[in-house]
Amino acid sequence: MRVTVDRDVCVSHGQCEYNDPDHFQINDDGDLELDENPPDASRDSVLRAVSACPVRALSAES
Ligand code: SF4
């Protein structure tokens, strides 16, 4: 699957990281780092993270 972030919208407060720390992390500069091609086996946690973003900065497609 493929995950993208709209960096103009992301405010780096980390709800995605809280829900799926294996594929989303806020780095020391406060910027989101993400795995843009997570394995399908991680689909549930990735989609949980995408859904948790309060400003809808994340998109996922199969
Ligand atoms: S939850 Fe949304 S706004 Fe917050 S860091 Fe993740 S992508 Fe950015």
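This is a short walk through the predicted model shown above, from its overall build to a few individual residues.

Let us start with the order of elements. The chain holds 2 helices and 4 strands, and reading along the sequence gives the pattern β-α-β-β-α-β. The opening strand is E1, covering residues 2-5. Helix H1 takes up residues 15-19, helix H2 spans 43-52, and strand E4 runs over residues 58-61.

Now for the overall dimensions. The C-alpha trace spans about 30 × 20 × 15 Å along its principal axes. A compact globule of 62 residues would have a radius of gyration near 11 Å, and the chain has 10 Å, so the two agree. Contacts tell you about the wiring of the chain: among those between residues at least 6 apart in sequence, 60% join residues at least 24 apart.

One pairing of strands is worth following on screen. E1 and E4 pair in the antiparallel sense, over 4 bridges. Within this pairing, Val3 stands opposite Ala60 of E4. Val3 also belongs to an alternating arrangement along E1: together with Val5, Val3 points to one face and is buried, while Arg2 and Thr4 point to the other face and are not buried.

Stepping back to the surface, 31% of the 62 residues of the chain count as buried. The chain exposes about 4000 Å², and carbon and sulfur atoms supply 40% of that area. As for charge, there are 5 positive and 14 negative side chains, with the centres of the two sets 8 Å apart.

Finally, let us look at some backbone angles. Most residues other than glycine have a negative phi. Against that background, where do positive values turn up in residues other than glycine? One is Ser12, with phi near 60 degrees. Ser12 sits in the loop between E1 and H1. Its relative accessible area is 26%, and because buried means under 20% and exposed means over 50%, Ser12 counts as partly exposed.

Another is Arg56, whose phi is near 55 degrees. Arg56 lies in the loop between H2 and E4. Its relative accessibility is 72%, so Arg56 counts as exposed. Both residues are therefore in loops, with Ser12 partly exposed and Arg56 exposed.

Notes. Residues numbered from 1 in each chain as written. Predicted model: local features only at pLDDT ≥ 70, side-chain atom pairs only at ≥ 80, totals over all residues. Heavy atoms only, no water. Buried < 20%, exposed > 50% of the residue type's maximum accessible area, 1.4 Å probe, protein only. Pairing = 2+ DSSP bridges. Rg over C-alpha atoms; globule rule 2.2 N^0.38 Å. Contact = heavy atoms within 4.5 Å. Areas by Shrake-Rupley, 256 points an atom, 1.4 Å probe, with all protein chains shown as cover. Lys, Arg positive; Asp, Glu negative; His and termini not counted. Charge placed at Lys NZ, Arg CZ, Asp CG, Glu CD.
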